[in-house]
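This report introduces one protein model to a reader who has not met it before. The sequence and the structure are shown first, and the description follows.

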Amino acid sequence: MKRTFYGWATPNSNRVTVMLEECGLDYAVQGVNIRRREQFAPEILALNPYGKVPILVEDAQDGTVPLVLFESGAILLHLAETQGVLLPHEPRERAEAMAWLMVALTSLGPYTGQAHHWTELAPVKPDAARAYSLALVDRVYRLLDGRLAQAAFLGGDAYSIADVAAYPWVARAGWAERRIEDTPNLARWFAEVGARPAVQRGMAQPEGAVLA
Ligand SMILES: N[C@@H](CCC(=O)N[C@@H](CS)C(=O)NCC(=O)O)C(=O)O
């Protein structure tokens, strides 16, 4: 199986590189510099019509049609299911891990991304937009901190794809003008997850890429 990851030094991209490293899989890296708008190149749009990264292509090289996947959550679930890792099998534990995976996919990531826009990227930064976006991030950080006061990991007792989905976004807490140490349970979790060698390798991909 030949796997090719397409992405850049972005949190959604790093979800996938961390997961590939956690699974111990070999993969080729194709850098797509979103600041240079390379995500809109015809060959990338042919893989993901949404014009976004990450993308993972799995080519069995046996004549079957390659699997082309976009959406970081779909890629994490696919790898967890096909590799049999980082997602509990027992239905109740699995449902709980899924709920926290959804929080990372639908709240933590999008809200932090929006906050980054209103605190840094937007040419004008209306106070109301800035305050609103920061309040949404604050609410989700308080949620995560409370959860991690009760459980070792976001999904429960075991490290799972809920943690993989959340970690690269918490690593960009500064985009929402947050200090991780202000939420002590989240800080404990962040240090523990960040000490995993697979996480460190995944977060360093694509090698040399900078989100300038
Ligand atoms: N829901 C998508 C979001 C993907 C996404 O927004 N990717 C960003 C980088 S983290 C991107 O490609 N931005 C460039 C653009 O939107 O044109 C996912 O989780 O994969």
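A residue is termed buried if 20 or more other C-beta atoms lie within 10 Å of its own, exposed if 12 or fewer do, and partly exposed in between. By this criterion, 37% of the 212 residues in the protein are buried. The model under discussion is a predicted one.

**Overall architecture**

The protein contains 8 helices and 4 strands. Read from the N terminus, the order of these elements is β-α-β-α-β-β-α-α-α-α-α-α. The radius of gyration is 17 Å, close to the 17 Å that the globule rule gives for 212 residues, so the protein is as compact as a globular protein of that length. Along the principal axes, the C-alpha atoms fill a box of roughly 50 × 45 × 25 Å. Among contacts with a separation of 6 or more, 68% join residues 24 or more positions apart.

**Two domains and their contact**

The chain is divided into domain 1, made of residues 2–85 + 199–203, and domain 2, made of residues 91–196. Their centres, taken over C-alpha atoms, are separated by 22 Å. Each side of the contact is built from 14 residues, 14 from domain 1 and 14 from domain 2. On the domain 1 side, the elements that give two or more residues are α1, α3 and α8. Helix α1 provides the largest share of that side, 7 residues. The residues on the domain 1 side divide into 8 nonpolar, 4 polar and 2 charged.

**Helix α1**

Helix α1 covers residues 11–23, which is 13 residues. From its first C-alpha to its last it reaches 18 Å, close to the 18 Å expected at 1.5 Å a residue. Is this helix enclosed or open? Of its 13 residues, 12 are buried, so α1 is largely enclosed by the rest of the structure. The buried residues include Pro11, Asn12, Arg15, Val18 and Glu22. The elements against which the buried residues of α1 pack are listed below.

| Element | Residues |
|---|---|
| β1 | 2–7 |
| β3 | 55–59 |
| α3 | 72–83 |
| α4 | 91–121 |
| α6 | 161–170 |
| α8 | 197–203 |

After α1 comes glycine 24, whose phi is positive, near 70 degrees.

**The shell around the ligand**

Helix α1 also takes part in the surroundings of the ligand, giving the most to the shell, with 3 residues. Both α1 and α3 supply at least two residues each. Of the 13 residues around the ligand, Thr10, Asn12, Ile34, Lys52 and Ser72 come nearest. By type, the residues of the shell divide into 4 nonpolar, 7 polar and 2 charged.

**Tyrosine 167**

Tyrosine 167 lies in helix α6, one of the elements against which the buried residues of α1 pack. What makes tyrosine 167 count as buried? Tyrosine 167 has 23 C-beta neighbours inside 10 Å, and therefore counts as buried. Leaving aside residues up to four places away in sequence, tyrosine 167 touches Val18, Val193 and Val199. Of these contacts, Val18 is one of the buried residues of α1. Tyrosine 167 and histidine 78 are 89 residues apart along the chain, and their C-alpha atoms are separated by 19 Å.

Terms used: Residues are numbered from 1 along each chain as its sequence is written. This is a predicted model: local features need pLDDT of at least 70, side-chain atom pairs count only at pLDDT 80 or more; totals for chains, interfaces and linings use all residues. The expected span of a helix is 1.5 Å times one less than its number of residues. Two residues are in contact if their C-beta atoms, placed from the backbone, lie within 7 Å. Domain bounds come from an automatic or database domain assignment. Ala, Val, Leu, Ile, Met, Phe, Trp, Tyr, Cys and Pro count as nonpolar, Asp, Glu, Lys and Arg as charged, and the others, Gly among them, as polar. The radius of gyration is taken over C-alpha atoms; the globule rule is 2.2 Å times the number of residues to the power 0.38. A residue is near a molecule or strand if its C-beta atom, placed from the backbone, lies within 6 Å of it.
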